[in-house]
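Trainee: I'm new to this one. Could we go through it together, and could you show me how each label is earned?
Mentor: Gladly! Let's have a look at it.

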Amino acid sequence: MSRIQKIKGFSDLFPPESTVFTHMEAVAREVFGAYGCKEVRVPILERTELFARSIGEETDVVQKEMYTFADRKGRSLTLRPEATAGVLRAFIEAGGAEGVTKLFTCGPMFRYERPQKGRMRQFHQLDVEVLGASAPQADAEVILMLWTFLEHLGIPSLALELNSLGCPQCRPTFHQALRDFLGTLDDAALCEDCQRRTTTNPLRVLDCKVPGCREATAAAPRIADYLCPECAAHFARVRAILDAVATPYAINHRLVRGLDYYQRTTFEVLSGDIGAQSAVAGGGRYDGLVAALGGPAVPGIGFACGMERLALLLPPLADRAMDFYLAVLEETALDTALILGQTLRRHGFRGETAFEAKSPKAHLRQANKLGVKTCLLLGSDEMARGVIVVKDMATGVQTTVAQDDLAQALGLRAA
Ligand code: HAM
């Protein structure tokens, strides 16, 4: 039979790699929970319109990267390319909430990109959305939440970049200035996509990774020079708070992000240690988005971390130690061994029971492989006497104890 292989750009997470993902999720729950975030779980499949309306028709994500298909009734559905749109849809459908709502979610996202190191077609995000706060302090707190999470993971040499994208009041003036500038360029100076973007979505030109486009736009106007007084003051406060807590950052005037819903503060965290796909996290403020999705006028800000990229920076973790391995020397002892294992787990011990009778030597090899503290050996002789052999794997010392006293014996040994 031919083997069925996984899809290009999708990966399986087996131990020990999977331990890193479990660890990241645990740290995320701990750190984001300490700021008041509550976990939400939303579907991975949504109506295509949700993403077109939020992420933006002119973005690469919507134009080229979505897994979109018609379901059996001909409705257009899309595997989520990111979490924000779905979380906001869920928030609106749940009736929204007064005051501030802090949400956390994690899971797989799907983008039809060219796979390479750190870039997958299915990847996982840890995502935070803070709704109902427009103050710059919320921006600063969200950025600090992300930074604290990355510190807890212990990832060195990360760089935080910030920008402000202005608001619907000041951005049109900047757009015009940018269009005027782009109009002065030779058509051939820009890639085909950017030639189109010049009219459809000029901001995206600043985001283009094609070296020729970056060179041609080196002298492009900077949004910082076009911010209205409110946006400038907002951004200054965010920076002042980060300065006050000595969180290092750099202003990146080209940081426009790949999604259209952002206003005011945007940010990314980059690593120099994972190749071309250097952004390990990104986010920003999206004040008009809840309303654009049919909800109330609730402001919002959030971020997402790419788990595959973070995993490239983290070593696999050792498994939690197991207490025992229950070795069975004769087939007649298999049932008793299983029941004894069950009793030990009820007492809080962690361990495995053999499903097959083997020689003591083969079992001890297995016990070593599992790294257990204790190997328990059960043969017909022990069965007849109602006892079991307890071997301390570190010292090699072997004792015989009554099966009925086994949990207590192991407890005393642990003490
Ligand atoms: P994003 O910048 O598109 O933002 O993605 C966030 C992170 O997901 C990236 O920094 C990267 O680490 C990871 N990522 C993106 N695409 C891939 C890929 N193909 N393979 C591996 N990792 C990838 C968002 O998705 C926004 N929803 C973030 C946000 C939340 N903004 C506000 N709230």
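**Around the ligand**

Mentor: β10 gives the most to the shell around the ligand, with six residues. Do keep in mind that this is a predicted model.

Trainee: Which other strands supply at least two residues of that shell?
Mentor: β6 (122-131) and β11 (300-306) do, alongside β10 (279-285).

Trainee: Which residues come nearest to the ligand?
Mentor: Of 27 residues around the ligand, Glu82, Thr84, Glu113, Tyr262 and Ala279 come nearest.

Trainee: What makes the pair between Glu82 and the ligand a polar contact?
Mentor: A polar contact needs a pair of N or O atoms within 3.5 Å. A polar side-chain atom of Glu82 lies 2.5 Å from a nitrogen atom of the ligand, so the pair meets that cut-off. Gln125 can be tested in the same way: an N or O atom in its side chain is 3.1 Å from an oxygen atom of the ligand. For Phe303 the backbone takes part, with an N or O atom 3.3 Å from a nitrogen atom of the ligand. As for cover, the protein hides 95% of the 660 Å² of accessible area that the ligand has on its own.

Trainee: How do the residues of the shell divide by type?
Mentor: There are 11 nonpolar, eight polar and eight charged residues.

**A sheet of three strands**

Trainee: Why do β2 and β3 count as edge strands?
Mentor: The sheet is open and runs in the order β2-β4-β3, with antiparallel pairing. β2 (45-47) and β3 (67-70) each have a single partner strand, so one side of each is left without a neighbour in the sheet. From one strand to the next, the twist averages 35°.

Trainee: How do you know that β3 and β4 are paired?
Mentor: Pairing takes at least two bridges. β3 and β4 (residues 76-79) have four, in the antiparallel sense, so they qualify. Phe69 stands opposite Leu77 in β4.

**Backbone and domains**

Trainee: What is the omega of the bond that joins Pro15 and Pro16?
Mentor: Omega is about 5°, and the peptide bond is cis. Pro16 sits in the segment before α1 (17-34).

Trainee: What makes Ser157 worth a look?
Mentor: Ser157 is not a glycine, yet its phi is positive, at about 50°. Ser157 belongs to the loop between α5 (136-153) and β7 (158-164).

Trainee: Which domains are assigned?
Mentor: The assignment gives domain 1 (17-170 + 227-313) and domain 2 (324-414). Their centres, taken over C-alpha atoms, are 49 Å apart.

Definitions and conventions. Residues numbered from 1 in each chain as written. Predicted model: local features only at pLDDT ≥ 70, side-chain atom pairs only at ≥ 80, totals over all residues. Heavy atoms only, no water. Near = heavy atom within 4 Å. Polar contact = N/O pair within 3.5 Å; in protein donor to acceptor, adjacent residues only side chain to side chain. Areas by Shrake-Rupley, 256 points an atom, 1.4 Å probe, with all protein chains shown as cover. Nonpolar A, V, L, I, M, F, W, Y, C, P; charged D, E, K, R; others polar. Domains from an automatic or database assignment. Axes fitted to C-alpha atoms, helices over the stretch in contact; angles between N-to-C directions.
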